[in-house]
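Let's take a relaxed walk through a protein model. Have the 3D view open and turn it around as you read.

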Amino acid sequence: MAIVLAAELFVPSFVQAQGTLYVSNLGQTPAGSAAIGSDAWIAQEIFTGTDSSGYSLNSVQLLMDAASGSPSGFNVSIYSFNNSNFRPGISLGSLSGSDPSAGGLFTYTASDLTLSPSTPYFVVVTAATTVAQGAYDWSADGTAGGVDEWEIYPLYYSSADGSSWTGHGRSDVFQMAIYATPVPEPATLALAGLGLACLSYRRRGQ
């Protein structure tokens, strides 16, 4: 019985490797955009859901318009929330993905990034080149709720250098989708471990 239960516990992690779609406003009609460069950073605020153990971030999808000029070095990162000034704090890690110059929907994957429950974070985008050389263009539209109280906030911050931020409260938010996987509860992990131990013991006895 423990063996079967352990197998059932691990199946979802393989089936849902992509994660669960918790929040998205990609289905909305674009109503604006913002240029992205080394001198034009954008930090879109998000809010995580209520799962008590937090979430493992799988990926973030961004809807991008075609770039202008010849930009390079597009970068997507997750930043913490600075509780002292309510602005982006420090980078928690960069996401991996392709150059979005052509425009369209692009996926950026995370590695070992765990988000706490009911906590604000920022999806931060920038580039290696200035807007004068060429700019990426992030599409924007209306606010979006989500599953399990995830939310894309109707608030973003801009910066010329990634350290000093200016807030912009508005009805539009930048278009994205967030995929994540709930972190297993400690009791669940312990039960899975027991099942695997039973499986190992049974094999040794054969």
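## A central pairing

Start in the middle of a strand pairing: Ala34 has Trp138 of strand β10 as its bridge partner. Ala34 belongs to strand β2, which covers residues 32-36 and is joined to β10 by five bridges, with the two strands running antiparallel. Keep in mind that you're looking at a predicted model.

Strand β10 itself covers residues 134-142, and nine of its nine residues are buried, so you'll find it mostly covered.

## What else pairs with β10

Strand β2 has company. Strand β4, residues 55-69, is also antiparallel to β10, with four bridges joining the two. To find this pairing on screen, look for Gly69, which sits opposite Gly134 of β10.

Then there's strand β13, a stretch covering residues 172-174. Three bridges link β13 with β10, again in the antiparallel sense. Here the residues to look for are Gly142 and Asp172, which stand opposite each other.

## The whole chain

Now zoom out. The chain has 206 residues, and 39% of them count as buried. It contains 14 strands and two helices. Its accessible surface comes to about 10000 Å², and carbon and sulfur atoms account for 55% of that.

How do the contacts spread along the sequence? Take the contacts between residues at least 6 apart: 82% of these join residues at least 24 apart.

## How far to trust it

The average pLDDT of the chain is 86, and 81% of the residues score at least 70. Two stretches deserve caution, though. Over residues 1-16, pLDDT stays under 50, and the model has 16 contacts there beyond four places in sequence. Residues 188-199 also stay under 50, with 15 such contacts. Where pLDDT is low, don't read the predicted coordinates in detail.

## A six-strand sheet

Next, look for an open sheet of six strands, paired antiparallel in the order β6-β5-β9-β3-β11-β12. At its edges are β6 (87-95) and β12 (166-169), each of which pairs on one side only. Ignoring direction, neighbouring strands of this sheet are turned by 30° against each other on average.

You can step through part of this order. Strand β5 and strand β9 are antiparallel and share five bridges; in that pairing, Asn75 has Thr126 of β9 as its partner. From β9, move on to β3: six bridges join these antiparallel strands, and Glu45 stands opposite Phe122 of β9. Strand β3 (residues 41-47) is joined by six bridges to strand β11 (residues 151-159), also antiparallel. There, Trp41 faces Ser159 of β11.

## Covered on both faces

Why does β9 count as largely enclosed by the rest of the structure? Because seven of the seven residues in this strand, residues 120-126, are buried.

In a regular strand, side chains alternate between the two faces of the sheet. For β9, one side has Pro120, Phe122, Val124 and Thr126, the other has Tyr121, Val123 and Val125, and all of these are buried.

## Zooming in on Ser77

Is Ser77 buried or exposed? Its relative accessibility is 4%, so Ser77 counts as buried. You'll find Ser77 in strand β5, which covers residues 75-82.

The side chain of Ser77 makes a polar contact of 2.8 Å with the side chain of Asn75. Another polar contact, of 3.3 Å, joins the side chains of Ser77 and Ser94. Leaving aside neighbours within four places in sequence, Ser77 is in contact with Ser91, Gly93, Ser94, Leu95, Phe122, Val123 and Val124.

## A loop residue to finish

Finally, go to Gly103, in the loop between β6 and β7 (104-109). With a relative accessible area of 25%, Gly103 is partly exposed.

Which residues does Gly103 touch, not counting those up to four places away in sequence? They are Met64, Asp65 and Ala66. You can also check a distance across the model: Gly103 and Ser139 are 36 residues apart along the chain, and 9.6 Å separates their C-alpha atoms.

Technical notes: Residues numbered from 1 in each chain as written. Predicted model: local features only at pLDDT ≥ 70, side-chain atom pairs only at ≥ 80, totals over all residues. Heavy atoms only, no water. pLDDT = per-residue confidence, 0-100. Contact = heavy atoms within 4.5 Å. Buried < 20%, exposed > 50% of the residue type's maximum accessible area, 1.4 Å probe, protein only. Pairing = 2+ DSSP bridges. Areas by Shrake-Rupley, 256 points an atom, 1.4 Å probe, with all protein chains shown as cover. Polar contact = N/O pair within 3.5 Å; in protein donor to acceptor, adjacent residues only side chain to side chain. Axes fitted to C-alpha atoms, helices over the stretch in contact; angles between N-to-C directions.
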